[in-house]
Amino acid sequence: MLAASDPLPEQRLPIGEDATRLPRAGDKPLLMVLVVGETVRAANWGLNGYARQTTPQLTKRGVINFTDVSTCGTSTAVSLPCMFAPIGKDDYDKRYIKSHESLLDVLDHAGFNVLWLDNQAGCKGVCDGVSQQSIQPDDHPKQCQDGRCLDEALDEELRARLDNLEGDTVIVLHQLGNHGPSYYQRYPEAFRRFTPTCDSADLNSCSQQAITNSYDNAILYTDSVLDHVIGALAEQSHHAASLLYLSDHGESLGEHGLYLHGLPYAIAPKEQTQVPMVWWSSAAFDAAVGLDKDCLATTRDAPIGHANLFHSVLGALRVESRILNPQQDMTRVCRSDA
Ligand SMILES: [Zn+2]
């Protein structure tokens with residue numbers, strides 16, 4: 001371990017170099033699409049019982065929706081590296097995380113092809129060791145304006161690659177999501193369903209209801225993007241596919257006089273620390289890894305958090321490594337040993 005006074009190493013230190021893929025059923029390679037959501041809070045998520053149906057498409061898909069998910073931090077800069085690290089909020093250590101490889105490197109060590117597709121300000125170091133590509137506005141003229149792209153561009157990038165993927169693969173889609181304060185710029189006109197909206201980055205100039213309307217429209221749009229991604233995965237048959245969606249932190253929309261996010265965790269309201277998480281997988285995926293989805297569905301109200309992501313992704317993909325903590329793998333009790 002590094003002492004507090006030690007300088008950070010120039011190269012990240014390896015983790016999970018012993019990672020291997022366990023045997024599994026069937027002959028299809030695995031594909032997991034990991035969608036990193038942005039600024040979507042649990043309270044406004046339709047599947048969580050919000051008074052507005054902001055997730056109509058995911059509801060139809062019959063996904064498993066986890067209702068009690070807490071974040072590692074209240075900002076992208078804290079949460080994102082933490083989500084991909086083997087340690088979570090309770091033992092959060094910025095120096096450890098910065099100086100060590102991430103979940104994506106462990107997957108790489110195990111023989112997965114890993115790609116990070118970004119529609120945001122980058123991956124904060126977690127994809128440094130794997131392939132990465134940012135959305136280029138010129139490639140998605142319908143989705144992009146003034147250098148900023150709607151998240152459907154991520155679905156287009158994924159679909160362009162699906163037929164040519166080889167071997168076990170993990171693709172991360174890093175969304176722009178509900179990034180504030182310009183919520184009104186996060187969805188196309190067709191998703192301006194809750195009105196009036198706040199069509200300004202100056203939240204002081206809008207009513208709380210208008211701000212919430214714009215925020216909810218952006219969630220409706222994320223619901224549609226996730227539905228399209230699941231559709232693409234369900235339609236292809238060469239990979240046994242799954243999708244995990246998890247938001248990085250929540251957002252305050254005027255409650256307690258607070259807006260946006262980034263409060264110190266100890267005093268942050270749950271609007272900033274509780275986020276949605278959704279699991280979808282094909283029957284082929286479940287059969288390949290021995291996952292009992294009815295069992296997984298019974299765990300949907302258990303308290304979990306970002307800390308579970310690292311271990312659950314490895315577990316669900318049947319990767320074995322000394323760094324994997326089975327206690328933190330939320331799929332473990334629902335998987336049979338193939
Ligand atoms: Zn964020």
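In this predicted model, helices α5 (residues 152-162) and α6 (residues 208-235) pack with their axes 9 Å apart and at an angle of about 5°. With angles under 35 degrees counting as roughly parallel, that makes α5 roughly parallel to α6. On the α5 side, the contact is made by Glu152, Asp155, Leu158, Arg159 and Leu162, and α6 answers with Val225, His228, Val229 and Ala232. Sorted by character, the residues of this contact come out as five nonpolar, three charged and one polar.

Helix α6 turns up again in the nonpolar interior. The largest nonpolar core holds 96 residues, and Val33 and Val313 are the ones with the most contacts inside it. The biggest share of this core comes from α6, which gives 12 residues. As for Val33, setting aside neighbours within four places in sequence, its contacts are Leu158, Ile171, Leu173, Val229, Leu233 and Leu243. Two of these names are familiar from the helix pair: Leu158 of α5 and Val229 of α6.

Then there is the sheet. It is an open one, built from seven strands with mixed pairing, and reading across it gives β3-β13-β10-β2-β9-β5-β6. At the edges stand β3 (64-66) and β6 (131-134); each has a single partner strand, so one side of each is left without a neighbour in the sheet. From one strand to the next, the twist averages 15°. The partner of β6 is β5 (residues 113-118): the two run parallel and are joined by four bridges. Within this pairing, Trp116 stands opposite Gln132 in β6.

Technical notes. Residues numbered from 1 in each chain as written. Predicted model: local features only at pLDDT ≥ 70, side-chain atom pairs only at ≥ 80, totals over all residues. Pairing = 2+ DSSP bridges. Axes fitted to C-alpha atoms, helices over the stretch in contact; angles between N-to-C directions. Parallel < 35°, antiparallel > 145°, perpendicular 65-115°, else oblique. Contact = placed C-beta atoms within 7 Å. Nonpolar A, V, L, I, M, F, W, Y, C, P; charged D, E, K, R; others polar. Core = buried A, V, L, I, M, F, W, Y, C linked by C-beta atoms within 7 Å. Buried ≥ 20, exposed ≤ 12 C-beta atoms within 10 Å, placed from the backbone.
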